[in-house]
Amino acid sequence: MNIGARSRRPVRAAANRGTARMIATAVLAMAVCGFGPAGPARAASGTPVALSSAASSSVSSSVPSSVPSSVPSSVPSSVPSSAFADRPLSAAWSGRKVDCHRVKCVALTFDDGPGRYTRTLLRHLQAHRAHATFFVVGQNVAAYPGIAREIAGAGHEIASHTYSHPDLTKLSAAGVRLQLARTDQAIKAATGIVPRLVRPPYGALNATVRAQTARPMVLWSVDTEDWRYRSSAKVARRAIKSAHAGSIILFHDIHPTTVRALPKVLKSLSARGYVFVTVSQMFGGHPPRLVFSGAHPGTL
């Protein structure tokens with residue numbers, strides 16, 4: 001199965017530039033994305049920013065217009081907005097108190113796993129006592145439940161990246177809810193945890209998508225473009241050069257080159273005094289509804 005690991009730079013409404021160019025790139029990128037049986041995601045594609053609801057309507061029909069048939073009809077068609085408001089944080093990472101107003105915090109985030117390289121990544125993180133947030137794909141959790149348990153058991157945050165990685169802006173409201181609910185079921189079955197955060201695939205958001213859950217939608221402030229640069233040196237250089245206090249850095253743990261880049265990233269940023277935290281830790285357990293970074297959180 002190939003899941004498009006295409007990343008998008010988050011853009012606020014006032015700064016949505018180059019729409020025509022972005023849409024053209026999105027069409028090309030999505031055309032090469034495949035959706036198949038549950039398994040590790042491996043392929044990557046283009047990099048436009050999140051489309052507005054108007055722009056998304058012109059994206060190629062190669063993006064699925066409905067939730068894949070692999071999502072069972074038994075999944076509830078709605079998830080109450082309050083369903084996650086009082087969920088306790090995972091004990092492993094909620095107990096680690098970090099005041100990101102006093103120390104330089106960076107949130108490393110990894111999309112599209114778990115997969116065959118994730119265990120190596122976990123060893124790198126453990127060696128530097130670093131915590132991270134994993135935005136997992138539900139069908140990959142179903143394929144690798146043991147690795148999902150290892151992520152949670154190591155003190156990292158597990159969050160939702162949908163069940164089969166569609167562009168949510170191309171789905172109906174019910175379709176969005178199905179994607180989120182099915183992912184919740186897979187993560188809870190594997191780890192006992194219901195995710196508190198969501199990252200929409202490709203960073204694609206519109207009003208319909210945002211209305212389907214009260215959970216924070218987490219984008220990013222630093223894009224390593226590791227889907228484009230299958231070079232550990234380039235990925236490490238982009239992450240290190242762009243990091244600052246409050247950065248939320250986007251990686252994909254489905255790429256071996258990305259995993260090989262992490263020791264250099266961790267060593268370099270540690271030497272500069274950065275502390276590696278989960279997204280929820282960065283915000284003291286209460287992220288805003290739309291997150292771009294910890295330094296200047298979005299609240300649109």
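# A guided tour, beginning at helix α10

Select residues 256-271 first, which form helix α10. At 1.5 Å a residue, its 16 residues should span 22 Å, and the end C-alpha atoms lie 24 Å apart, which agrees. Please note that the model on display is a predicted one.

**The whole chain**

Before going further, display the entire protein as a cartoon. The protein has 11 helices and eight strands. Of its 300 residues, 55% are buried. Among contacts with a separation of 6 or more, 80% are between residues 24 or more positions apart.

**Helix α10 in detail**

Return to α10 and centre the view on L262. Here the helix bends by about 30 degrees, and a proline, P263, follows within four residues.

Next, show the side chains of T257, T258, V259, A261, L262, V265, L266 and L269, which are the buried residues of α10. An α-helix has 3.6 residues a turn, so residues three or four places apart point the same way. To see what covers the buried residues of α10, colour the surrounding elements: these include β1 (104-111), α4 (118-127), α9 (232-242), β6 (248-252) and β7 (274-277).

Then move past the end of the helix to G273. This glycine follows α10 and has a positive phi, near 90 degrees.

**The pair α4 and α10**

Keep α10 displayed and add α4. How far apart are the axes of α4 and α10, and at what angle do the helices pack? The axes are 9 Å apart and the angle is about 5 degrees. The two helices are therefore roughly parallel to each other, since angles under 35 degrees count as such. Select T120, L121, H124 and L125 on α4, together with V259, L262, P263 and L266 on α10; these residues make the contact. L262, where α10 bends, is thus also one of the residues that touch α4.

**Salt bridges**

The structure holds six salt bridges, and several of them merit a visit.

Select R199 and D111. Their side chains meet in a salt bridge, with 2.8 Å from N to O. R199 belongs to the loop between α7 (173-191) and α8 (207-210), whereas D111 is in strand β1, so the link joins distant parts of the chain, 88 residues apart. Are these two residues buried or exposed? R199 is buried, with a relative accessible area of 0%, and D111 is buried as well, at 3%.

Now select R119 and E150. This salt bridge brings the closest N and O atoms to 2.8 Å. R119 lies in helix α4 and E150 in helix α6 (residues 145-153), so the pair ties together parts that are 31 residues apart in sequence. Both partners are partly exposed: R119 has a relative accessible area of 40%, and E150 has one of 32%.

Continue to D184 and R215, a salt bridge whose closest N and O atoms are 3.0 Å apart. D184 is in helix α7 and R215 in the loop between α8 and β4 (217-218), and the pair links distant parts of the chain, 31 residues apart. Both residues are buried. Finally, select E225, R228 and R238, which are joined into one network by salt bridges that share partners.

**Backbone features**

Most residues other than glycine have a negative phi, and most peptide bonds are trans. The next selections depart from that pattern.

Stay with E225, which lies in the loop between β5 (222-223) and α9. Its phi is near 55 degrees, a positive value in a residue other than glycine. E225 is buried, with a relative accessible area of 5%.

Move to T162, in the loop between β3 (157-160) and α7. What is the sign of phi at T162? Phi is positive there, about 75 degrees, although T162 is not a glycine. At 0% relative accessibility, this residue counts as buried.

Then select G113 and P114. The peptide bond from G113 to P114 is cis, with omega near -5 degrees. P114 is in the loop between β1 and α4.

**Last stop: G175**

Select G175, in helix α7. This glycine is buried, with a relative accessible area of 5%. Add Q212 and draw a line between the two C-alpha atoms: they are separated by 9.7 Å, while the residues are 37 apart along the chain.

Conventions:
Residues numbered from 1 in each chain as written. Predicted model: local features only at pLDDT ≥ 70, side-chain atom pairs only at ≥ 80, totals over all residues. Heavy atoms only, no water. Expected span 1.5 Å × (residues − 1). Bend = angle between axes of the 7 residues up to and from the residue. Buried < 20%, exposed > 50% of the residue type's maximum accessible area, 1.4 Å probe, protein only. Contact = heavy atoms within 4.5 Å. Salt bridge = Lys/Arg side-chain N within 4 Å of Asp/Glu carboxyl O. Axes fitted to C-alpha atoms, helices over the stretch in contact; angles between N-to-C directions. Parallel < 35°, antiparallel > 145°, perpendicular 65-115°, else oblique.
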